[in-house]
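The exercises that follow are to be worked with the sequence and the coordinates at hand. Try each task before reading its solution.

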Amino acid sequence: MNNEMKNNPPLLEVRDLKMYFRSGKDSVVKAVDGVSFRIDKGKVLGLVGESGCGKTTIGKSVLKIYNPTGGEVLYKGKDILKMSKGEFKKYRRSLQMIFQDPYSSIDPRQSVFSILKEAVLAGGAKMSTGELKDKVNGYLETVGLPVEMGNRYPHEMSGGQRQRLGIGRALACEPELIVCDEPVSALDVSIQAQIINLFQRIQKDMGYLFIAHDLAVVRHIADVVGVMYLGHLVEMMDSEGLYANPMHPYTIALLSAIPITDYYKEKQRKRIILQGEVPSPLHAPSGCPFHPRCRYATEECRRILPELKDMGAGHMVACHNVEKIAD
């Protein structure tokens, strides 16, 4: 690591992250297997892939909700995985998560005001009743909820309003990094657009790990996109570059499935249908995890796991045949 990196480390750097779960006596599920990435201040890293590829597991591992099997999670250059509970406590408020299901992640017995009040005071802040009320009302306004809603309970709110409350609760902790786990997948399209616009308004100096399977949403909000498959990162590039020039066969197939509203373009588009199902991580294939569904697979793919390599301009691809596919 050079001196510049030491003096100005990224907000978050994940190195060779592994998260294995034991299943039975001798079986191990490799949910995340050797994933590395970084997130700088004010930037959004989007993680995409099919259900079960390890996206949410990465998010929970980064926040120490899970205790990773291996690797490093460096927050401002400090490995939080090596910290004791006491040491990590002072960083907890800086690392927040917005969950996929806003209802199950919120205490139904607390009012909206009480939920936000708890988040504001959890760090030990001391303020008068008036100051606290102004603070909570400020967060309600930030996420587009009327101040009067502070007296309501979660069951009295719509799905979009509850998701705004979840965002407000995270913001009330004044975080520097927010992990967003499918934050708009359960919402109507019109509400999705409002929530995405809200994220962009409040981004400022925060970093986001934005986990989603909706490729159109990720393209709109992410600066860099990482594509996951069966616990591995198979491709990573800045958002515009990845969508314009995907190189991994899995990414190419994923992007071919994005709906196009233009009838004539949709008619001319070549849709790639992947054969077979995603293998179980309990019985993951040897070599490249994608080779059982890849039409370019060779004997090398079946035996050797490809490493991410730079194809130029920071376009990282894990594929033995990427040059052949590009041609």
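**Exercise 1.** Does Asp40 count as buried, partly exposed or exposed, and at what relative accessibility?

*Solution.* The model is a predicted one, in which local features need pLDDT of at least 70 and side-chain atom pairs count only at pLDDT 80 or more, while totals for chains, interfaces and linings use all residues. Residues are numbered from 1 along each chain as its sequence is written, and side-chain values use heavy atoms, with hydrogens and water left out. The classes are buried (under 20% relative accessible area), exposed (over 50%) and partly exposed in between, with a 1.4 Å probe and protein chains only. Asp40 has a relative accessibility of 31%, so Asp40 counts as partly exposed. Its salt-bridge partner is Arg38, with the closest N and O atoms 2.7 Å apart, where a salt bridge requires a side-chain nitrogen of Lys or Arg within 4 Å of a carboxyl oxygen of Asp or Glu. Arg38, at 39%, is partly exposed as well.

**Exercise 2.** Determine which parts of the chain the salt bridge between Glu50 and Arg293 links.

*Solution.* Begin with the pair itself: the closest N and O atoms of Glu50 and Arg293 are 3.2 Å apart. Next, locate the partners, for which helices (H or I, at least four residues) and strands (E, at least two) are DSSP runs numbered from the N terminus. Glu50 lies in the loop between strand 3 (44-48) and helix 2 (55-62), and Arg293 in the loop between helix 11 (263-268) and helix 12 (299-303), so that the pair links distant parts of the chain, 243 residues apart. Finally, compare the burial: Glu50 is partly exposed at 26%, whereas Arg293 is buried at 11%.

**Exercise 3.** Describe the surroundings of Gln163, including the cavity that Gln163 helps to line.

*Solution.* Gln163 sits in helix 6 (residues 159-171) and, at 2% relative accessibility, counts as buried. With contact meaning heavy atoms within 4.5 Å, and residues up to four places away in sequence not counted, Gln163 touches Ile98, Phe99, Gln100, Pro102, Pro183 and Leu187. The second largest cavity is lined by Gln163 together with residues including Ile98, Phe99 and Pro102. A cavity is a set of points on a 1 Å grid over the protein atoms alone where a 1.4 Å probe fits but cannot get out, and lining residues have an atom within 4 Å of a point. The largest share of this lining, three residues, comes from helix 6.

Technical notes
1 Å grid on protein atoms, 1.4 Å probe; cavity = no way out; pocket = protein on both sides within 12 Å on 5 of 7 lines; lining within 4 Å.
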